[in-house]
Amino acid sequence: MITPYNDEYFMRKALEEAQKAFDADEIPVGAVVVANDQIIARAHNFTEKLNDVTAHAEMQAITSAADFLGGKYLKGCTMYVTLEPCVMCAGALYWSQIDKIVFAASDEKRGASKVGELYHPKTKIVRGVLEEEGKELMLKFFQKKR
């Protein structure tokens with residue numbers, strides 16, 4: 001069976017969320033959580049609006065997906081996020097026991113990979129899906145701020 005649902009398809013949905021953050025003057029990071037080729041959670045950064053340093057896209061998406069599933073574990077799920085998760089988000093993803101994490105752009109300054117592998121040992125990590133699009137939106141945002 002041919003399916004249009006692949007990592008690029010869902011990363012484009014995460015990029016749509018990142019654009020919402022950009023439009024709201026938030027750091028443009030977006031995330032979606034997928035189970036059985038269905039998006040069960042969408043989120044973007046809300047740190048400025050909520051005045052909450054923990055309101056990252058990944059944290060919002062984890063909470064929303066867990067609520068949708070009715071449990072705290074995200075087994076059988078994949079998170080697509082436009083920027084490599086930070087240490088805080090990597091820790092939360094570890095505890096969620098998510099099956100797979102796909103991110104677009106690496107975060108050279110604050111990405112979880114700077115301190116080693118923080119993800120659950122059973123979690124599959126895929127890097128660089130639509131990387132240029134993820135980087136471009138971040139660069140555009142910070143150029144606007146200068």
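Reader: Which residue follows helix 4, and what is the sign of its phi?

Author: Gln97 follows helix 4, and its phi is positive, near 60°. Helices are DSSP runs of H or I with at least four residues, strands are runs of E with at least two, and both are numbered from the N terminus. The model is predicted: local features need pLDDT of at least 70, side-chain atom pairs count only at pLDDT 80 or more, and totals for chains, interfaces and linings use all residues. Residues are numbered from 1 along each chain as its sequence is written, and side-chain values use heavy atoms, with hydrogens and water left out.

Reader: Which residues of helix 4 are buried, and where around the axis do they lie?

Author: An α-helix has 3.6 residues a turn, so residues three or four places apart point the same way. In helix 4 (residues 87-96), the buried residues are Cys89, Ala90, Ala92, Leu93 and Ser96. Buried means under 20% relative accessible area, exposed over 50%, partly exposed in between (1.4 Å probe, protein chains only). These residues are on the same side of helix 4 because they cover an arc of only 160° around the axis, taken from the directions from the helix axis to the C-beta atoms.

Reader: What do the buried residues of helix 4 pack against?

Author: Contact means heavy atoms within 4.5 Å. The buried residues of helix 4 pack against helix 3 (57-69), strand 3 and strand 4 (100-105).

Reader: Is Thr82, in strand 3, buried or exposed?

Author: Thr82 lies in strand 3 (residues 77-83) and is buried, with a relative accessible area of 2%. Leaving out residues up to four places away in sequence, Thr82 touches Leu15, Ala18 and Pro28, among others.
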